[in-house]
Amino acid sequence: MLGLILLCVLSHTVVSTKFVVEQVATYKQLLGSERLTYDGFKELISLHDDWQCVGPCDVYATELFGAVGGEGVDWNTVTDFIVGKIYGDAVSYDPYEPQEVHLALTGDIAEMKVMWVTGSNLDNPYVQYRAAVDADWSQAMSQPAINYTYTVPQYWWPVFEGVIYEANMTGLLPKTAYSYRVGGFDASNQTARLSKEFIFNSAPSTTDPNQKVTIGTLGDQGTFMFLGFATSALLAQVQDEREVDMVMIAGDLCYAGLSSAAPRYNITADDEFEHIWDLWGIQNEPIAATRPLMVGVGNHEKTGSRN
């Protein structure tokens with residue numbers, strides 16, 4: 001099936017996102033080839049996590065490349081496949097569009113923190129929220145957001161150049177559904193910019209001894225282009241089926257921190273590809289924007305700029 005999907009995109013052109021385009025270009029330079037082959041695919045997996053592509057991974061790779069033969073696929077097709085068939089509408093080339101929206105708990109059950117990212121700065125950022133049962137936004141509440149960024153040493157591969165925002169939605173009633181959206185003012189185009197609308201449930205009351213809370217737990221999720229999305233798609237499906245209230249990732253979130261060195265390209269095992277964090281944020285938005293996503297620190301978060 002995956003091989004057939006790959007064949008279908010040979011004549012399909014999509015508008016690509018900056019994160020995908022630049023990361024695919026990094027992989028192309030690493031492998032030094034004009035086409036991504038079965039062996040090259042497995043080599044990239046090994047670079048991000050020092051293990052061999054065996055079992056289900058090998059089945060996936062064999063099926064993916066079996067339809068196009070040993071010559072592999074050109075890198076433009078790889079980009080189109082990632083954007084068109086994996087990330088789809090979740091990616092945007094618009095630098096002012098809020099992306100990677102995700103929730104987190106605070107120390108107050110009447111609050112919910114929201115964070116998001118844009119490629120270029122939005123002035124006066126904020127979160128707007130209301131009870132989900134309300135008909136419109138006329139009675140919505142609003143809280144201002146702070147914004148900041150981070151820098152890492154610049155080597156030959158691309159790094160994060162965007163802006164991170166966070167705000168706390170306050171005054172929430174226990175176990176209540178809320179709608180919210182985030183955004184700010186785009187001074188370059190003189191217009192307000194808002195994300196799509198998301199819905200979440202606030203934390204339950206702490207005084208109810210019969211209160212049930214369902215927590216989804218996992219670790220070692222990863223986001224290696226073709227593979228990480230499958231985990232997120234499954235989580236997005238089962239979180240509603242099993243009424244998951246929050247998700248906890250023990251560690252090793254996206255594998256931006258590398259496990260293997262590539263000396264001929266001046267890459268050490270302590271480096272990381274920052275764009276992988278952004279791709280992980282994009283692929284997890286359907287989960288993280290509707291339930292608080294709490295994370296721990298694994299060994300892959302203790303490398304490079306995340307040390």
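Biologist: In this predicted model, which side chain does the side chain of Q128 meet in a polar contact?
Modeller: Q128 sits in strand β5, residues 123-131. Beyond four places in sequence, Q128 touches several residues, including W137, S179 and Y180. Its side chain makes a polar contact at 2.8 Å, and the partner is the side chain of R181.

Biologist: Does Q128 count as buried or exposed?
Modeller: The cut-off for buried is under 20% relative accessible area. Q128 has 16% relative accessibility, so Q128 counts as buried.

Biologist: Where is D252 found, and what is its relative accessibility?
Modeller: D252 is in the loop between β13 (246-249) and α7. Buried means under 20%. D252 counts as buried because its relative accessibility is 8%.

Biologist: What separation do the C-alpha atoms of D252 and G222 have?
Modeller: D252 touches G222, along with others including D220, Q221 and H300, leaving aside residues up to four places away in sequence. D252 and G222 are 30 residues apart along the chain. Their C-alpha atoms are separated by 7.0 Å.

Biologist: Which side chains of strand β12 point to one face and are buried?
Modeller: In a regular strand the side chains alternate between the two faces of the sheet. Strand β12 covers residues 215-218, and its side chains alternate. I215 and T217 point to one face and are not buried. Pointing to the other face, and buried, are G216 and L218.

Biologist: Which residue in β13 stands opposite T217?
Modeller: β12 and β13 pair in the parallel sense, over four bridges. In β13, the residue opposite T217 is M248.

Biologist: In what order do the four strands of the open sheet run?
Modeller: The pairing in this sheet is antiparallel. The edge strands are β3 (99-104) and β7 (146-148), each paired on one side only. The twist averages 20° from one strand to the next. The order is β3-β4-β8-β7.

Biologist: Which residue in β4 stands opposite L103?
Modeller: Four bridges join β3 to β4, residues 112-118, and the two run antiparallel. Opposite L103 in β4 stands V114.

Biologist: Which helix lies across β3 and β4?
Modeller: This helix spans residues 275-288. Its direction is at about 55° to β3. The helix is α7.

Biologist: How many aromatic pairs are there, and how are the rings of W116 and Y165 arranged?
Modeller: The count comes to seven aromatic pairs. The ring centres of W116 and Y165 are 5.1 Å apart, with planes at 10°. Planes under 30 degrees apart count as stacked. The W116 and Y165 pair is therefore stacked.

Biologist: What parts does that pair tie together?
Modeller: W116 and Y165 are both buried. The pair ties together parts 49 residues apart in sequence, because W116 lies in strand β4 and Y165 in strand β8 (residues 163-169).

Biologist: How are the rings of Y180 and F200 arranged?
Modeller: Y180 lies in strand β9 and F200 in strand β11. Both residues are buried. Their ring centres are 5.7 Å apart and the planes lie at 70°, so the pair is edge-to-face.

Biologist: Which residues do ring pairs link into a cluster?
Modeller: Y180 and F200 are among them. The linked residues are Y178, Y180, F198 and F200.

Biologist: Over which residues is the pLDDT below 50?
Modeller: The chain averages a pLDDT of 79, and 78% of the residues score at least 70. Where pLDDT is low, the predicted coordinates should not be read in detail. The stretch below 50 has 32 contacts beyond near neighbours in sequence, and covers residues 1-16.

Terms used
Residues are numbered from 1 along each chain as its sequence is written. This is a predicted model: local features need pLDDT of at least 70, side-chain atom pairs count only at pLDDT 80 or more; totals for chains, interfaces and linings use all residues. Side-chain values use heavy atoms; hydrogens and water are left out. Two strands pair if DSSP finds at least two bridges between them. Axes are lines fitted to C-alpha atoms, for helices over the stretch in contact, and angles run from 0 to 180 degrees between N-to-C directions. Contact means heavy atoms within 4.5 Å. pLDDT is the predictor's confidence in each residue, from 0 to 100. Buried means under 20% relative accessible area, exposed over 50%, partly exposed in between (1.4 Å probe, protein chains only). A polar contact is a pair of N or O atoms within 3.5 Å; within protein, one must be able to donate a hydrogen and the other to accept it, and residues adjacent in sequence count only if both atoms are side-chain atoms. Rings of Phe, Tyr and Trp (its six-membered ring) pair if their centres lie within 6.5 Å; planes under 30 degrees apart count as stacked, over 60 as edge-to-face and the rest as tilted.
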